[in-house]
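Please open the structure in your viewer and keep the sequence panel beside it. We will take a short walk, one selection at a time.

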Amino acid sequence: MKRITVYFFLIFLGGIAGWFLSRYYYSPKKPQDAISQIKPRPLDKYAIENLSKRPLNRNLISQGETLQKQKGDKGFTPYLFSFTTDWKKVTGQLNIPDGTGPFPAIIMIRGYVDQKIYETGIGTRKAGAIFAEAGFITVAPDFLGYAGSEKESSDIFESRFQTYTTVLDLISSLRSINKWDNKNIFLWGHSNGGQIALTALEVTQGAYPTVLWAPVSKPFPYSILYYTDESDDRGKLIRHELAKFEETYDVELYSLTNYSDRIKAPLQIHQGTADDAVPIAWTNELVEKFKKMETDVSYFKYAGADHNLSPAWQKVVERDLAFFKKHLATDTP
């Protein structure tokens with residue numbers, strides 16, 4: 001009799017435990033329980049579509065110390081400048097033409113330079129001097145992690161995407177430059193700077209007349225992987241991080257080649273036939289794509305010219321100036 005009583009008592013206890021367990025596993029979960037199971041996606045905000053919805057950040061461009069002119073420079077004064085993007089300080093070179101102004105402005109976006117050898121002005125200083133002498137304010141950011149700027153993200157992809165937000169915030173902040181004319185904004189980009197400029201045009205859909213020197217124009221992440229043989233580890237780290245990135249994100253949402261139809265600006269593109277950094281086939285393909293979309297694009301090739309357009313550099317800059325002057329807006333903003 002005792003054994004039967006104990007047996008039924010154990011069945012009763014099992015039933016109670018089962019009821020509680022079923023209530024736990026099958027009852028609706030609280031919202032915070034579901035949220036806690038979602039993998040964080042902090043880089044979603046850098047997808048091109050999401051960047052186009054990003055609020056404008058109009059920050060103060062602070063004019064700093066006067067920089068030393070290069071031999072032969074005249075008609076302008078070079079300054080160190082700083083401003084903030086996503087609460088981080090970015091430095092750069094600001095050239096202000098002599099005179100009372102107001103003046104049009106060119107945002108100059110350099111290509112890749114090793115942080116170990118970089119100093120403010122590398123990649124833009126020489127052309128920027130020519131443009132400033134001709135009466136254009138030039139603004140060339142160092143980017144996060146370079147010169148006096150604050151440190152970039154430790155995530156290798158976010159640090160890349162931060163170049164986009166830096167340029168977007170710089171465009172929005174030009175109004176804080178007293179001598180700017182409040183209507184004329186031009187972009188100039190070389191190599192990877194060309195890729196940044198194209199992305200900025202897609203995000204803003206702004207009609208900013210833009211000059212591109214040998215732009216990196218292939219889709220992400222191929223545009224990075226192509227250059228991995230130049231790194232010390234032959235790209236091992238980048239490939240490892242990319243594999244993790246693709247587990248969480250759709251790379252197509254970050255690739256400029258998928259949003260070319262958003263570009264509304266007139267373009268002038270230059271490419272050397274002896275360029276060993278950006279294959280001429282890339283630029284030919286890019287220009288052909290723009291022509292099919294009826295984008296306003298002019299394209300110049302230079303026989304034997306390298307990645308820096310040498311020995312045709314002077315001719316290229318003359319064409320740039322003519323392009324900028326052609327597209328000057330003179331109406332009241």
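Here is a tour in stops, each with something to select and something to look for.

**The whole protein**

Keep in mind that this is a predicted model. Start with a cartoon view of everything: the protein has 10 helices and nine strands. Of its 333 residues, 47% are buried. Now think about how the chain folds back on itself: among contacts with a separation of 6 or more, 73% are between residues 24 or more positions apart.

**Helix α8**

Select residues 236-248, which form α8. How far apart are its end C-alpha atoms? They are 19 Å apart, and this agrees with the 18 Å that 13 residues should span at 1.5 Å a residue.

Next, show the side chains of Leu242, Phe245 and Thr248, the buried residues of α8. Turn the view to look down the axis of the helix: these buried residues fall within an arc of 115°, so they line one face of α8. On the other side of the helix, pick out Lys236 and Glu247, which are exposed.

**What covers α8**

Which helices help to cover the buried residues of α8? Among them are α5 (156-173) and α7 (222-225). Add α5 to your selection and find its axis: α5 and α8 pack at an angle of about 85°, with their axes 9 Å apart. The two helices are therefore roughly perpendicular to each other.

To see where they meet, show Ile156, Phe157 and Phe161 on the α5 side, and Ile238, Glu241, Leu242 and Phe245 on the α8 side. Leu242 and Phe245 should be familiar, as they are among the buried residues of α8.

**Arg160, in α5**

Stay in helix α5 and select Arg160. Is Arg160 buried or exposed? Its relative accessible area is 14%, and because buried means under 20%, Arg160 counts as buried. Leaving aside neighbours within four places in sequence, its contacts are Asn192, Gln195, Phe220, Ser223 and Ile224. If you like using the distance tool, try Arg160 and Leu144: they are 16 residues apart in sequence, and their C-alpha atoms are 9.7 Å apart.

**Two cis peptide bonds**

One of the contacts of Arg160 leads to the next stop: Phe220. The peptide bond from Phe220 to Pro221 is cis, with omega near 10°. Pro221 sits in the loop between β7 (210-213) and α7.

Now jump to Ser310 and Pro311, which are also joined by a cis peptide bond, with omega about 15°. You will find Pro311 in the loop between β9 (297-302) and α10 (313-326).

**Two positive phi angles**

Leu309 lies in that loop between β9 and α10 as well. Leu309 is not a glycine, yet its phi is positive, at about 65°. With a relative accessible area of 0%, Leu309 is buried.

For another positive phi, go to Trp87, in the loop between β2 (76-85) and β3 (88-97). Its phi is near 70°. Here the surroundings differ: Trp87 is exposed, with a relative accessible area of 79%.

**Last stop: Arg262**

Finish with Arg262, in the loop between α8 and β8 (267-272). Arg262 counts as buried, at 13% relative accessibility. Which side chain makes a polar contact with the side chain of Arg262? Show Glu49, and you will see the two side chains 2.2 Å apart at that contact. Beyond neighbours within four places in sequence, Arg262 is in contact with Glu49, Ser52, Leu201, Glu202 and Gln205.

Definitions and conventions: Residues are numbered from 1 along each chain as its sequence is written. This is a predicted model: local features need pLDDT of at least 70, side-chain atom pairs count only at pLDDT 80 or more; totals for chains, interfaces and linings use all residues. Side-chain values use heavy atoms; hydrogens and water are left out. Helices (H or I, at least four residues) and strands (E, at least two) are DSSP runs, numbered from the N terminus. Buried means under 20% relative accessible area, exposed over 50%, partly exposed in between (1.4 Å probe, protein chains only). A polar contact is a pair of N or O atoms within 3.5 Å; within protein, one must be able to donate a hydrogen and the other to accept it, and residues adjacent in sequence count only if both atoms are side-chain atoms. Contact means heavy atoms within 4.5 Å. The expected span of a helix is 1.5 Å times one less than its number of residues. The arc is that of the directions from the helix axis to the C-beta atoms. Axes are lines fitted to C-alpha atoms, for helices over the stretch in contact, and angles run from 0 to 180 degrees between N-to-C directions. Angles under 35 degrees count as roughly parallel, over 145 as roughly antiparallel, 65 to 115 as roughly perpendicular and the rest as oblique.
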